Amino acid sequence: MTSHNLSRRAFIRRTSVSGAALLLGISTGGPSFLVAQTDPLARPPENFSPYIQIDPLGVITLYNPKPELGQGTFQSLPALICEELEVTLEQVTIVHTNGEKIFGDSQFSAGSMSVKSLYTALRTVGAAARQMLLMAASQRWAVPIETCYAQQGRIVHRPTGRQFTYGELAGEAAQLTVPQHPPLKEPANFTLIGKSVPRPDVPAKTTGETVFGIDVDLPGMLYASIERCPVIGGKLVKFDASKALRMPGVAGVFPVKRTLGRYEYTGVGIVARSYWAALQARKGLIIDWDVEGLNTFASAEFENTLRALHTQPGLAINPVGDFETAYAQAPRHLEAFYETPMVAHSPMEPMNCVALWSGEQVEIWVSTQVPGALTGSGPSFMVDLPKTLGIPAENITLHTQFCGGGFGRRLYLDFIVEAIELAKLTGKPVKSVWTREDTTQQGPFRPMTFSAMKAGLSSEGKVLAFQHKIIAPSIAESLSGTFDGTKLDGRMSEGVSDQAYEIGAMKNTYVRADTHIPLGSWRSVTSSTTAFAHECFIDELAHQAGQDPLAFRLAMLTKASDTKRMLLKLKDVSGWDKPLPAGRARGIAQWAFFAGLCGQVVEVSRQPDGQIKVDKVVAVIDLGTVVHPDNVKNQVEGAIVMALTAATKPGITFAGGKVTQSNFHDSPVLRMNETPKIEVHILADGGPMKGVGEPGLPPLAPALANALFALTGKRLRTLPIDLASIR
């Protein structure tokens, strides 16, 4: 398999020279789901999104609308088509779509949806193409279609052994009526789905051939670095660029706007003939910022604000039963408060974008999670780029690049608009690069949350009443100036009422807090905070009831459910019932939310020097159906490393209105020697597919805290946990 990015011009050229090709995809708005056409230059059916192109030379091109962030869509999505089309991955060319309107509104990677949202659609497209090629061959040979079969890019007539390549049949096949319900392969016959075949993008990434956004280099390109107010929200008053302009290589200094949700900031951009020159000149800027009213913001005070809000009633989240009565009548009560900090996304590839503004045309090269949003073809993700730029969507040309990590940060277009603005000002291609300090200190961040937990137990230790009150600022409000703050922000309470625990009276609420700090979706969004409080408190209740934490959870799962099945699997593979040696302990947690379901057991130990070590994490992820088991394991392993980082390394804190951290030395990620042994087990019974990218994060922090309680007897209710300070 080969891979390419494909510009709109290249797409048209490629398809037009092929002549009568088979171009097959789906229609999201037309009367038929599956649609084919022979002439790519002809006006396409309404909302036609092609996924397969087979040209007369037999070249098979598959279009991947989901950007590759390291999560494996570059292999998993084409594999769904190849499986049904009866070709190998080596026989096809994979092309990233670039937000072209013809490829529809699914051009984004978010919400652990990439594979599960297209699983059936892509298989059906592949099966329809196979069926049309079979039909074309049978008609040409004048034989029953049942006597023909597809194999590795050819249609074979079984009795005679005669063969046609797909390319030889493409033109005729495209003239046929598209079967709307082609037969799909039985799972028992799968050769790709469910198999851990090598990922084709890995060798190129290993050798450095893969082009990420940061690698893009254009003739005559200038480089930009932007100084933004260190106090978030501060306004630009004036600046003196005389020293910066005298530095070698500097081409210009400009005020630059950054739009992020409901916020608009203005920084000062240095444009130079090298990135080094831009960085050095940036240091020579003299800038006056207006930070009045903002430079007293501090994390400790904001924590107190959230704590004080816990007395507010909040907005109800799917209440069950009469909590107040059940709680009042319960003979035993328990209350606890949990806190989680802000965190930064910290993608390894710095935020960057190359832009070229020519007349009324804009060309962009960028690592993004949302190519459709850049061209107006998909969800806007808070910024309507054509409207912001004041040009028609068709005047924007995007070149989607591989991403060196996204984690939600590349959903937002602020850094892209900055680069475009500088390109317009200079009339030359400009590569704007954020420093690590910019990424760490400017946000958007996962919000700080505060959870007030409350429950009543029966004399036998049964949970009679349960309350989870979430106090936090709203991501939706931060990202949209029109969000109604009197309504629930589902992102802030996700998973809380999705749990399968059978509790007769539940009162979950959300209390909104105000902040001027920009917030955004972080991998697993808010579940990495709500799960910590929720599952640690369940552990507290189990301890109060004098019961084993896993048995306590299973006792609340009398009905058949995915959660119960997953926990039973976790009990088995983790050896939960087997005693551990002295000085070792384990904790458990699970979480079900929009992205999927995962449970984990964390084992910890006290070392001879008294230090605490995280030894092992055993995870069970429930997928229903799995496409690439090794890729699933890789993603869950990565999620656990990211979650353990957020659980044990410093979060983002503020003092004097500024972020206290600046780079990996004080905002570190987990090192290899700190990474525990990780076991990932997959539940795949063939049921509806669940997500992979995010479910591995939420259970880690509560399972760790519960393990530390089992080891030390200390209940840790605030993240991050400083393992070195535990005695």
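In this predicted model, helix H18 (residues 629-648) is the element that contributes most to the lining of the second largest cavity, supplying three residues. The volume of that cavity is about 60 Å³. Its lining consists of Arg 446, Trp 522, Ser 528, Ala 643, Ala 646, Ala 647, Leu 697, Pro 698, Ala 701 and Leu 719. By class, eight of the lining residues of the second largest cavity are nonpolar, one is polar and one is charged. H18 itself comprises 20 residues and spans 28 Å from its first C-alpha to its last, close to the 28 Å expected at 1.5 Å a residue. The helix is mostly covered, with 14 of its 20 residues buried.

Leu 719, one of the residues lining the second largest cavity, is also joined to Pro 720 by a cis peptide bond, with omega about 0°. Pro 720 belongs to the segment that follows helix H19 (700-712). A cis peptide bond is likewise found between Gly 443 and Pro 444, where omega is about 10°. Pro 444 is placed in the loop that connects helix H13 (436-442) with strand E21 (449-457). In general, most peptide bonds are trans, and most residues other than glycine have a negative phi.

Positive phi values were computed for two residues that are not glycine. Glu 86 has a phi of about 60° and sits in the loop between helix H2 (73-85) and strand E6 (92-96). With a relative accessible area of 25%, Glu 86 is partly exposed. For Val 525, phi is about 50°; this residue is located in the loop between strand E23 (506-513) and helix H15 (527-545). Val 525 counts as buried, because its relative accessibility of 7% falls under the 20% cut-off.

Five cavities of 30 Å³ or more were counted in the model. The largest cavity holds about 90 Å³ of space. Fourteen residues line the largest cavity, and those closest to its centre are Arg 228, Cys 229, Tyr 265, Thr 266 and Gln 442. Two or more lining residues of the largest cavity come from each of strand E12 (250-260) and strand E13 (263-272). E13 is the main contributor, with three residues. The lining of the largest cavity divides into six nonpolar, five polar and three charged residues.

E12 and E13 both belong to an open sheet of seven strands, with mixed pairing and the order E12-E13-E10-E20-E17-E18-E19. The edges of this sheet are formed by E12 and strand E19 (396-400); each has a single partner strand, so one side of each is left without a neighbour in the sheet. On average, neighbouring strands of the seven-stranded sheet are turned by 25° against each other, direction ignored. Within the seven-stranded sheet, strand E17 (residues 352-358) and strand E18 (residues 361-366) are paired in the antiparallel sense over six bridges. Cys 353 has Val 366 of E18 as its bridge partner.

An open sheet of four strands is also present, in the order E24-E25-E26-E29 and again with mixed pairing. Strand E24 (584-593) and strand E29 (677-683) occupy its edges; each has a single partner strand, so one side of each lacks a neighbour in the sheet. In the four-stranded sheet, neighbouring strands are turned by 15° against each other on average, direction ignored. E24 pairs with strand E25 (residues 596-606) in the antiparallel sense over 10 bridges. In this pairing, Gly 587 stands opposite Val 602 in E25.

Burial was also examined for helix H4 (residues 166-174). Seven of the nine residues of H4 are buried, so the helix is largely enclosed by the rest of the structure. The buried residues of H4 are Tyr 166, Gly 167, Leu 169, Ala 170, Gly 171, Ala 173 and Ala 174.

Conventions. Residues are numbered from 1 along each chain as its sequence is written. This is a predicted model: local features need pLDDT of at least 70, side-chain atom pairs count only at pLDDT 80 or more; totals for chains, interfaces and linings use all residues. Side-chain values use heavy atoms; hydrogens and water are left out. On a 1 Å grid over the protein atoms alone, a cavity is a set of points where a 1.4 Å probe fits but cannot get out, and a pocket is an open set with protein on both sides within 12 Å along at least five of seven lines; lining residues have an atom within 4 Å of a point. Grid points are joined across faces, edges and corners, and a volume is the space filled by probe spheres set on the points. Ala, Val, Leu, Ile, Met, Phe, Trp, Tyr, Cys and Pro count as nonpolar, Asp, Glu, Lys and Arg as charged, and the others, Gly among them, as polar. The expected span of a helix is 1.5 Å times one less than its number of residues. Buried means under 20% relative accessible area, exposed over 50%, partly exposed in between (1.4 Å probe, protein chains only). Two strands pair if DSSP finds at least two bridges between them. Axes are lines fitted to C-alpha atoms, for helices over the stretch in contact, and angles run from 0 to 180 degrees between N-to-C directions.
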